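Me: I'm new to reading protein structures, and I'd like a close look at a single part of this one. Please pick a pair of residues that I can find on the screen, and then walk me outwards from there to the rest of the chain.

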Amino acid sequence: LPGLTGVIAGSYLTAMTAIAKLSELGLAVPDNVSVVGIGSLRARPWYKPELTTIDLGLANCGAAALDL
């Protein structure tokens, strides 16, 4: 995977899978490749390496949509 510097995964679980696969390929996260997951998961504080996540606040988005 020449030139790969980062991965944005559509979910937290997909991000964890990407980290596992990158590790199998001999790439260390975050030393060689950065990984960002979208969403949140209660296991996050215990998962190593720590994963950067984007919380879309879907509950707030749903509430805002009801106000439209």
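Reply: Let's start in helix 1, where Lys21 and Glu24 are three residues apart and therefore separated by about one helical turn. Keep in mind that you are looking at a predicted model. The side chains of Lys21 and Glu24 meet in a salt bridge, with 3.6 Å from N to O. A search of the whole structure finds one salt bridge. How buried or exposed are the two partners? Lys21 has a relative accessibility of 47%, so it counts as partly exposed. Glu24 reaches 61%, and therefore counts as exposed, because the cut-off for exposed is over 50%.

Now turn from this pair to Leu22, which belongs to the largest nonpolar core. Leaving aside its neighbours within four places in sequence, Leu22 is in contact with Leu1, Leu4, Val7, Leu27, Val29, Val33 and Val35. The core itself has 10 residues: along with Leu22, they are Ala9, Tyr12, Ala15, Met16, Ile19, Val29, Val33, Val35 and Leu51. Helix 1, which spans residues 12-24, gives the largest share of this core, with five residues. There is a general pattern to remember here: in soluble globular proteins, nonpolar side chains tend to be buried together.

Val29, another member of the core, is worth a pause. A cis peptide bond joins Val29 to Pro30, with omega at about 5 degrees. Pro30 lies in the loop that runs between helix 1 and strand 2.

Following that loop brings you to strand 2, residues 34-38. In a regular strand, side chains alternate between the two faces of the sheet. You can see this along strand 2: Val35 and Gly37 point to one face and are buried, while Ser34, Val36 and Ile38 point to the other face and are not buried. Strand 2 runs parallel to strand 1 (residues 6-9), and four bridges join the two. Val35 is the bridge partner of Val7, and both Val7 and Val35 are among the contacts of Leu22.

Strand 1 also holds Ile8. With a relative accessibility of 67%, Ile8 counts as exposed. Not counting residues up to four places away in sequence, Ile8 touches Val36 and Ile38, two of the strand 2 residues that point to the face that is not buried. The C-alpha atoms of Ile8 and Ile54 are separated by 9.8 Å, although these residues are 46 apart along the chain.

Ile54 leads to our last stop. Together with Leu56 and Leu58, Ile54 forms a nonpolar patch on the surface, and the three have about 300 Å² of accessible area together. Leu58 lies in helix 2, which covers residues 58-67. Its relative accessible area is 63%, so Leu58 is exposed.

Finally, step back to the whole chain. There are two helices and three strands, and along the sequence they follow the pattern β-α-β-β-α. Of the 68 residues, 18% count as buried. The accessible surface comes to about 4,900 Å², and 61% of that belongs to carbon and sulfur atoms. Among contacts between residues at least 6 apart in sequence, 51% join residues at least 24 apart.

Note on methods:
Residues are numbered from 1 along each chain as its sequence is written. This is a predicted model: local features need pLDDT of at least 70, side-chain atom pairs count only at pLDDT 80 or more; totals for chains, interfaces and linings use all residues. Side-chain values use heavy atoms; hydrogens and water are left out. Patches are made of residues with over 30% relative accessible area and no salt bridge: like charges are joined within 9 Å, nonpolar side chains (Val, Leu, Ile, Met, Phe, Trp, Tyr) within 5 Å. Accessible areas come from the Shrake-Rupley method with a 1.4 Å probe; for residues, only the protein chains shown count as cover. A salt bridge is a side-chain nitrogen of Lys or Arg within 4 Å of a carboxyl oxygen of Asp or Glu. Buried means under 20% relative accessible area, exposed over 50%, partly exposed in between (1.4 Å probe, protein chains only). A nonpolar core is a set of buried Ala, Val, Leu, Ile, Met, Phe, Trp, Tyr and Cys residues joined through side-chain atoms within 4.5 Å. Contact means heavy atoms within 4.5 Å. Two strands pair if DSSP finds at least two bridges between them.
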